Structure formats: C-alpha cells, structure tokens
Amino acid sequence: FGAGCLVGNGVMAGNRMVLSAKSPVTDMFGDTNVGGNFPVLMRKAGIDNLVFQGKAKEPVYVLLKGNGDIEIHSAKDIWGKYTDETTDILTQRHGEKSEVACIGTAGENLIRFANVMMSKNHAAGRMGLGCVMGSKNLKAVVIEFSVRKMLPGDQELFDEIRFKWLKNCMKSMSTALGKVYGTLFLLEINMKG
C-alpha cells in the first residue's frame with residue numbers, strides 16, 4: 001500500500017494510492033490505483049507505505065492507529081463476511097470515521113481477480129490484489145481517524161501551484177469525461193495505445 005506525497009494536500013486528483021504485488025492474474029508485477037479517504041488517513045497517520053510479507057497463521061486485520069502505531073488483530077469473527085458487512089463491523093469497532101480496506105469471500109478463496117474494497121465504494125480492482133491479501137490471511141487494513149494536518153514547507157508557493165493545476169485540470173477533456181464516466185472512459189483509449 002503506497003500513498004504519494006500529494007495525498008491530503010488539496011490537489012485535484014491527488015488523493016490516490018497504489019497497491020502493488022506479484023499479480024495472480026499475470027504472475028508478474030501488478031498494481032492497482034484507488035482513491036477516497038483511506039489514502040488521506042494513511043498519510044495523516046504518518047505512513048507513506050505499508051509492506052506485508054509472509055502469511056499469518058490465521059485470519060488477521062491490521063489496525064493503523066491515528067498516532068501511527070500498528071496493531072494486528074484476529075479476524076476470525078469477520079472471515080467469510082462480504083466487504084460491506086466487514087466494513088460496518090470494523091468501523092463500528094474502531095470509530096465511524098475510520099477507513100477500511102478489505103477483501104470479501106473472493107479474496108479469501110483466492111479467486112485470481114479478487115478486488116480490495118476501500119470504504120465500501122472504492123475498488124482497487126485490477127491485478128487480483130484481493131487474492132494476494134487472501135493468500136496472506138489478511139482480511140483488512142483499518143485506519144483510525146486522525147486530525148493531524150499535512151502542511152507543505154512553503155504554503156504560499158504550494159497554493160500557487162495547486163491553484164494553477166486546478167485551473168488547467170478544469171479545462172481538460174479528461175476531467176470533463178471523468179466527471180461523467182469515471183475512469184472507464186480510459187479503457188478504450190488505453191486499448192488503442
């Protein structure tokens with residue numbers, strides 16, 4: 001799980017993160033990109049990258065505390081549950097403002113194209129990284145809410161660049177199409193390339 005340096009700084013399209021691993025779909029390096037509040041809370045907790053190695057002996061989930069501490073908890077009670085229910089249980093357990101990245105039964109059963117769902121409606125849906133989490137017995141990653149602010153070294157210069165970026169993005173055809181169709185409009189363009 002990797003979140004870039006622009007996450008949480010108010011830059012248009014900047015709240016994105018990448019999940020990467022050896023893909024069960026291609027048997028090579030694979031990555032998927034996802035947005036939402038999960039990457040923001042990860043950066044607010046002071047974490048830029050999470051690396052999971054090996055396999056837990058039993059189902060677990062990882063809790064990132066708002067202060068950056070990391071805990072591992074048993075996920076036996078949520079193993080076998082769908083992503084919506086898992087998210088509800090874990091946000092009730094760790095705070096309604098917490099964010100959850102989790103797998104469902106497809107990931108648990110090592111379906112090669114399984115997704116990782118973040119906050120119910122953001123899918124890290126390419127390259128089967130839900131299957132990778134399942135192979136590690138990793139049901140979910142939960143991040144507690146944090147009020148920590150991420151400030152650039154030179155706020156005035158950063159704001160100048162950010163507003164210039166926003167102005168140019170608003171003129172872009174990609175932005176207009178993305179508002180209507182989401183990232184699906186990129187599929188046909190990328191297939192032609």
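Student: Where is M127 found in this chain?
Tutor: The model is predicted, so read every value here as computed from it. Strand 8 comes on one side of M127 and helix 4, residues 129-135, on the other. The place of M127 is therefore the loop between strand 8 and helix 4.

Student: What is phi of M127 near?
Tutor: Most residues other than glycine have a negative phi. M127 is not glycine, yet its phi is positive. The value is near 75°.

Student: Is M127 buried, partly exposed or exposed?
Tutor: Buried means under 20% relative accessible area, and exposed means over 50%. M127 has 29%. That value falls in between, so M127 is partly exposed.

Student: Which loop holds K120?
Tutor: K120 also deserves a look, with a positive phi near 70° in a residue other than glycine. Its relative accessible area is 35%, so K120 is partly exposed. K120 lies in the loop between strand 7 (116-118) and strand 8 (122-124).

Student: How many residues of strand 9 are buried?
Tutor: Strand 9 covers residues 138-143. The strand is mostly covered. The buried count is 6 of its 6 residues.

Student: Do strand 4 and strand 9 run parallel or antiparallel?
Tutor: Strand 4 spans residues 60-64, and 5 bridges join it to strand 9. One pair of residues in this match is V60 opposite L138. The two strands run parallel.

Student: In strand 9, which residue is the bridge partner of A101?
Tutor: Strand 6, residues 99-102, pairs with strand 9 over 4 bridges. The sense of that pairing is antiparallel. In strand 9, the partner of A101 is V141.

Student: Which strands are the edge strands of the open sheet with the order 1-2-3?
Tutor: This open sheet has 3 strands with antiparallel pairing. An edge strand pairs on one side only. The edges are strand 1 (2-3) and strand 3 (29-35).

Student: In strand 2, what is the bridge partner of G2?
Tutor: Strand 2 spans residues 16-22 and runs antiparallel to strand 1. The two are joined by 2 bridges. In strand 2, G2 is matched with V18.

Student: Is S146 buried or exposed?
Tutor: S146 sits in the loop between strand 9 and helix 5 (155-171). Its relative accessibility is 8%. The cut-off for burial is under 20%, so S146 is buried.

Student: Which residues is S146 in contact with, leaving aside neighbours within four places in sequence?
Tutor: Contact needs heavy atoms within 4.5 Å. With the sequence neighbours set aside, the partners of S146 are L41, K44 and G66.

Student: What radius of gyration does the chain have?
Tutor: The C-alpha trace spans about 50 × 45 × 25 Å along its principal axes. With 193 residues, a compact globule would have a radius of gyration near 16 Å. The chain agrees with that, at 17 Å.

Student: What percentage of the contacts with a separation of 6 or more joins residues 24 or more positions apart?
Tutor: The chain has 7 helices and 9 strands. Buried residues make up 41% of its 193 residues. Residues 24 or more positions apart account for a share of 57%.

Student: How far apart are the mean positions of the positive and negative charges?
Tutor: The chain exposes about 11300 Å², with carbon and sulfur atoms supplying 55% of it. The chain carries 24 positive and 19 negative charges. The distance between their mean positions is 4 Å.

Conventions
Residues are numbered from 1 along each chain as its sequence is written. This is a predicted model: local features need pLDDT of at least 70, side-chain atom pairs count only at pLDDT 80 or more; totals for chains, interfaces and linings use all residues. Side-chain values use heavy atoms; hydrogens and water are left out. The radius of gyration is taken over C-alpha atoms; the globule rule is 2.2 Å times the number of residues to the power 0.38. Buried means under 20% relative accessible area, exposed over 50%, partly exposed in between (1.4 Å probe, protein chains only). Accessible areas come from the Shrake-Rupley method with a 1.4 Å probe; for residues, only the protein chains shown count as cover. Lys and Arg count as positive and Asp and Glu as negative; His and the chain ends are not counted. The place of a charge is taken as NZ of Lys, CZ of Arg, CG of Asp or CD of Glu. Two strands pair if DSSP finds at least two bridges between them.
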